[in-house]
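Work through the exercises below with the sequence and the coordinates at hand. Each task is followed by a solution in steps.

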Amino acid sequence: MTDSDAPADAGGDDAGSSGESAVPDVLDAARALLATGPLCDHCLGRPFAERSFGLGNHERGRGLRIAVALDDNSDYEGGAAGDCWVCEGVFERVDEFAERAADAVADYEYATYQVGTRVPPLAEENDRLLREDAGLDPEIGEPLRKELNREVGKRVGQVTDTEVDFERPHVQFLLDVDADRVEATVNSAHVYGRYRKLERDIPQTEWPCSDCRGSGRQGREPCDTCDGSGYLYPESVEQLTAPVVEDVMEGVDSTFHGAGREDVDALMLGTGRPFVIEVDEPRRRDIDADRLESDINAFADGKVEVEGLRRCTHDMVERVKELDATKRYHAAVEFGADVTAEELADAVDELDGATIEQYTPNRVDHRRAAKTRTRVAHDVTGELEDARHVAVEVHGAGGLYIKELISGDEGRTEPSLAGLLGVDAEVTTLDVLAVEGRDEQFEHSGFFLDDEDRDTDVDGE
């Protein structure tokens, strides 16, 4: 949408403000405007939009027309609505445009809207010439487009019983006057929650096969790598959750946004990982969150489960992705040589609270920028099960690579448990226990919609 198409004051108050531009005597100016040719009340009143707050431009125009007739003691003649040389009668079509806008989204649930218009260049030029021909400042008053946005916007709100929203409305209308077209854009809807991944070898999002690029075929034959499925992994958290939300909200597509991601072979347990599912062009927005949770959990069949579902704003996507977070992990570790309890305790004490420098790990260097990252291991504990097996728990900053914290990754991570002990160390299983905001919880009430029962912050703020 270009600047000339941008919505302005759609459904807002009538034009007017306490500030006034330099306008000559009102009646003289009105006479000069009327002398340019037939005008509707809207176009006659619009140059005076900054005067007398609380009036619509059509009311200003009619009032000026009456005042001139009284002052000149001449017969009153009404505005030339359909014959206006400036707008060419566009304001007579306001109700029609509003009805067409409502019809365009008749099958959709929505509570907020915004209206923009694409005014014919000739009409915009006429609007400027009107002022110039009358000897007025070409910038005085209000542009034609802005008034049309507002007038159609008000009618749309009345017809649909919805409210204008200039930030991110559920639907946006663009009225192309020249093309006689009403375009409607249905903005996406969002559902927030937390998921637990209860089986290993399930990625968070779809993982297309790199050999066949997701086609499932190599030439005329099924792809050997993915057995013709097009995916390296047949299921993902996304595939076990998003289709259900998309179906319930009757959308056309969906996107899964997670607060980071665990390794494919790791479980996500405990309080779960925050996520947002974004549904494109939803026909339904009002959902039963509890029922949706049950539907997803039944569909995932014990592989994934979700909780705390609620509708959220678009801004929650950025919050989930960008909020500084800390994470808790449980790792089962196997050593390449015997380790005593005292040696383990000394090494764990060194790691506890340490600042860790990690060069991009070998296992992700094909998809991560090669650089050294600094992260803090806030809390590290270890319990020796036997001389070669230990259970380690780590509370670390977001982005801390836990497997490499244990193994050292051939010296790419310093310090590491393996390096401090002087033995090889390998994580045999890894579980994520919690993903929480570092300074505040993800679940802030300001990001949730119509959530009277569950819209308080987790920490009670």
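The exercises treat helix packing, strand pairing and aromatic pairs in a predicted model.

**Exercise 1. Helices H4 and H6**

Determine how the axes of H4 and H6 are oriented and which residues form their contact.

Solution.
Step 1. Helix H4 covers residues 94-104 and helix H6 covers residues 144-160; their axes come within 8 Å and cross at roughly 55°.
Step 2. Angles of 65 to 115 degrees count as roughly perpendicular and those under 35 degrees as roughly parallel; H4 and H6 are therefore oblique to each other.
Step 3. The two helices H4 and H6 cross in the right-handed sense.
Step 4. On the H4 side the contact is made by Val94, Asp95, Phe97, Ala98, Glu99, Ala101 and Ala102. On the H6 side stand Leu148, Glu151, Val152, Arg155, Val156, Val159 and Thr160.
Step 5. Sorted by class, the H4 and H6 contact holds nine nonpolar, one polar and four charged residues.

**Exercise 2. The four-stranded sheet**

State the strand order of the open sheet, its edges, and the helices H4 and H6 that pack on it.

Solution.
Step 1. The open sheet has four strands in the order E2-E1-E3-E4, with mixed pairing.
Step 2. Strand E2 (163-164) and strand E4 (181-186) are the edges, each pairing on one side only.
Step 3. Strand E3 (residues 171-176) and E4 run antiparallel and are joined by six bridges. Within this pairing, Asp176 has Arg181 of E4 as its bridge partner.
Step 4. H4 packs on the sheet by touching E3 and E4, and its direction makes about 40° with that of E4.
Step 5. H6 also packs on the sheet, touching strand E1 (112-118) and E3, and its direction makes about 145° with that of E1.

**Exercise 3. Helices H1 and H3**

Are H1 and H3 roughly parallel or roughly perpendicular?

Solution.
Step 1. Helix H1 (residues 26-34) packs against helix H3 (residues 57-72) at an angle of about 105°, and the axes are 10 Å apart.
Step 2. H1 is therefore roughly perpendicular to H3.
Step 3. Val26, Leu27, Ala30, Arg31 and Leu34 of H1 meet Leu64, Arg65, Ala67, Val68, Asp71 and Asp72 of H3.
Step 4. This H1 and H3 contact divides into seven nonpolar, no polar and four charged residues.

**Exercise 4. Strands E12, E13 and E14**

Trace the pairing of E13 with E12 and with E14.

Solution.
Step 1. Strand E12 (residues 355-359) and strand E13 (residues 372-386) run antiparallel, joined by five bridges. Gln358 has Arg373 in E13 as its bridge partner.
Step 2. E13 also pairs with strand E14 (residues 389-397), in the antiparallel sense and over eight bridges. Here Gly382 is bridged to Val392 in E14.
Step 3. The link from E13 to E14 is a hairpin through two residues.

**Exercise 5. An aromatic pair**

Classify the pair of Tyr195 and Phe275 and place the two residues in their strands.

Solution.
Step 1. Two values are needed, the distance between ring centres and the angle between ring planes.
Step 2. For Tyr195 and Phe275 the centres are 6.0 Å apart and the planes make 50°. The pair is tilted.
Step 3. Tyr195 belongs to strand E5 (residues 189-197) and Phe275 to strand E9 (residues 267-280), so the pair ties together parts 80 residues apart in sequence.
Step 4. The count of aromatic pairs comes to five.

How values were computed
Residues numbered from 1 in each chain as written. Predicted model: local features only at pLDDT ≥ 70, side-chain atom pairs only at ≥ 80, totals over all residues. Heavy atoms only, no water. Axes fitted to C-alpha atoms, helices over the stretch in contact; angles between N-to-C directions. Parallel < 35°, antiparallel > 145°, perpendicular 65-115°, else oblique. Left-handed = near helix turned anticlockwise from the far one by under 90°. Contact = heavy atoms within 4.5 Å. Nonpolar A, V, L, I, M, F, W, Y, C, P; charged D, E, K, R; others polar. Pairing = 2+ DSSP bridges. Phe/Tyr/Trp six-rings, centres within 6.5 Å; stacked < 30°, edge-to-face > 60°.
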